[in-house]
Amino acid sequence: MIHTVIFDIDGTLLDTEHAVLHSLRDTIFEITNQNIAFSKLTFALGIPGEVALKQLGINDIEYGMQLWEDNLAIYFHTVKLFEDVENTVKGLNSQGYKLGIITSKSRKEYINDFLPFGLGDYFDTVICVEDSERPKPSSDPILTYLRLSGTTKEEAIYIGDTMYDMQCATGAGVAFGLALWGCYCPENIHPAYYFNHPKDILYALSVDKQIPSDRSPRGHAVCVMPSGTGKGCLK
């Protein structure tokens with residue numbers, strides 16, 4: 001039985017896409033004088049900033065991260081909770097589910113970027129990037145969460161929007177739910193559940209109290225969005 005619902009932040013709870021991609025593009029331009037297309041930067045959604053900058057060929061990671069943080073502040077006014085996220089979090093809490101977060105954000109970023117939205121008190125355990133030996137897509141963050149929270153893998157579901165999130169969950173033997181409202185390319189992601197909207201989480205857990213152990217690529221037949229839909233795959 002599912003007793004714990006764990007969320008990713010960016011692209012799942014918070015709509016940060018515009019802010020992250022625009023601030024990253026500005027950062028790369030300031031460092032390299034190269035204007036990179038957004039389609040070449042979407043890989044950075046869902047992984048630690050240091051990893052993204054390394055993949056983009058930035059040598060001075062500390063300087064790059066500080067510059068990115070400064071640029072992100074310029075766009076922070078565009079960051080918002082996805083529709084129905086607040087009601088869903090409060091609804092799950094009222095129904096007795098234990099709630100948690102696993103994010104590629106640093107603890108500082110979690111405090112600065114997420115806590116201002118007023119939902120922090122609903123989450124019992126929060127795993128940030130520095131809290132486990134390896135970040136997503138490694139399963140280390142979820143294994144760390146399970147250990148610290150006293151949760152078994154059968155009791156938990158992890159909800160996120162990227163391939164990295166799926167790999168993190170499945171590597172730890174935890175069911176994965178795909179947040180289609182924030183997902184770019186669902187075709188190659190094979191979750192136990194597809195959620196069209198945050199409120200679907202409440203519905204799915206109420207009508208099907210146990211996540212199936214057979215997590216086939218077709219996913220579970222609750223809240224399924226047809227293949228080929230989503231926000232759109234960027235090549």
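Reader: Which elements cover the buried residues of helix 6?
Author: Helix 6 spans residues 140–149 and is mostly covered, with seven of its 10 residues buried (buried means under 20% relative accessible area, exposed over 50% and partly exposed in between, with a 1.4 Å probe and protein chains only). Helices (H or I, at least four residues) and strands (E, at least two) are DSSP runs numbered from the N terminus, and contact means heavy atoms within 4.5 Å. The cover of those buried residues includes strand 1, strand 4, strand 5, strand 6 and helix 7 (163–171).

Reader: Before we go on, what pLDDT do local features need in this predicted model?
Author: Residues are numbered from 1 along each chain as its sequence is written, and side-chain values use heavy atoms, leaving out hydrogens and water. In this predicted model, totals for chains, interfaces and linings use all residues, side-chain atom pairs count only at pLDDT 80 or more, and local features need pLDDT of at least 70.

Reader: Thanks! Which residue just after helix 6 takes a positive phi?
Author: Within helix 6, the buried residues include Tyr 145, Leu 146 and Ser 149. Just after the helix, a positive phi of about 70 degrees is taken by Gly 150.

Reader: How far apart in space are Gly 171 and Asp 140, C-alpha to C-alpha?
Author: Gly 171 lies in helix 7 and counts as exposed at 54% relative accessibility. Asp 140, by contrast, is one of the buried residues of helix 6. The two are 31 residues apart in sequence, and their C-alpha to C-alpha distance is 8.8 Å.

Reader: In what order do the six strands of the open sheet stand?
Author: The pairing in this sheet is parallel, and two strands pair if DSSP finds at least two bridges between them. One such pair is strand 4 (residues 98–102) and strand 5, joined by three bridges, with Ile 101 bridged to Val 126. The order of the six strands is 5-4-1-6-7-8.

Reader: Which strands stand at the edges, each with a single partner strand?
Author: Each edge strand has a single partner, so one of its sides is left without a neighbour in the sheet. The two are strand 5 (125–127) and strand 8 (193–195).

Reader: By how many degrees are neighbouring strands turned against each other on average?
Author: The axes are lines fitted to C-alpha atoms, for helices over the stretch in contact, and angles run from 0 to 180 degrees between N-to-C directions. For neighbouring strands of this sheet, direction is ignored, and the average turn is 25 degrees.

Reader: Is strand 7 enclosed or open, and which residue in it is the bridge partner of Gly 160?
Author: Strand 7 (residues 175–179) has five of its five residues buried, so it is largely enclosed by the rest of the structure. Ala 175, Gly 177 and Ala 179 point one way, while Phe 176 and Leu 178 point the other way. Strand 7 pairs with strand 6 in the parallel sense over four bridges, and the partner of Gly 160 is Leu 178.

Reader: At what angle do the axes of helix 1 and helix 3 cross?
Author: Residues meeting between the two include Leu 24 and Ile 31 in helix 1 and Leu 67 and Trp 68 in helix 3. The axes of helix 1 (residues 17–32) and helix 3 (residues 61–75) come within 8 Å of each other, and the crossing angle is roughly 135 degrees.

Reader: And across which strands does helix 8 lie?
Author: Helix 8 covers residues 199–207 and runs at about 145 degrees to strand 8. The strands it lies across are strand 1 (4–7), strand 6 (156–160) and strand 8.
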